[in-house]
Amino acid sequence: MNPYYRNQQASMFADVDRLPLAMVYCPMQKFNTTFELSKGLECGTIFPELVKPWLGKRGASR
Amino acid sequence: MMKNQLSKDQLRRYIDEVSFAVVDMTLYCDTHPDDEEAIAFCQDNIRMRKEALDEYARLYGPLTVDYADRSSSGSWDWVNQTWPWEPASRRGGRC
């Protein structure tokens, strides 16, 4: 995992233990740049910030 | 936008691409119904998709029944189109 992503994850989850259990949240997406049409179809999303390739494996994260 | 410099398969690929962008923008606009910039972008893509479907129908035959009135051949081209699950080779394209 690259250091930038590790830092981003660390800060993202910094306060997660203070949140109520069993509650789900979802930040609102903001309209920003979009991929070229061909790239969007290949990636499964036209939004670069939503490209989330699966990096784990069955039953465990990598 | 005229796409008639594209081959049949290229135009079909472009329709797939722009159709996917429309689907994805629809999802975004469903949750952001007042986002004017996003709505304008969605509408642009809807227009581009319609133009491409229209052009494909004129050149090769209709992909959806909404464009089955575009043929200039005088016959009912709709029934002669390849089915979506038929391989590209039978459409006379690459693969």
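Let me start with what covers the buried residues of α1(B), which includes α2 (37-43) of chain A together with α2 of chain B; helices here are DSSP runs of H or I with at least four residues, numbered from the N terminus. This is a predicted model, in which local features need pLDDT of at least 70 and side-chain atom pairs count only at pLDDT 80 or more, while totals for chains, interfaces and linings use all residues. Residues are numbered from 1 along each chain as its sequence is written, and chains are lettered from A in the order in which they are written.

Staying with α1(B), the helix has 24 residues and reaches 35 Å from first C-alpha to last, close to the 34 Å expected at 1.5 Å a residue, the expected span being 1.5 Å times one less than the number of residues. Its buried residues, among them B:L11, B:Y14, B:V18 and B:A21, are those with 20 or more other C-beta atoms, placed from the backbone, within 10 Å of their own. An α-helix has 3.6 residues a turn, so residues three or four places apart point the same way.

The largest nonpolar core (buried Ala, Val, Leu, Ile, Met, Phe, Trp, Tyr and Cys residues joined through C-beta atoms within 7 Å) has 14 residues, and those touching the most other members include B:A52, B:L53 and B:Y56. Both α1 (8-31) and α2 (36-60) of chain B supply at least two residues each, with the largest share, seven residues, coming from α1(B).

Finally, at the interface, eight residues of chain A are in contact with eleven residues of chain B, contact meaning that C-beta atoms, placed from the backbone, lie within 7 Å.

Definitions and conventions: Contact = placed C-beta atoms within 7 Å. Buried ≥ 20, exposed ≤ 12 C-beta atoms within 10 Å, placed from the backbone.
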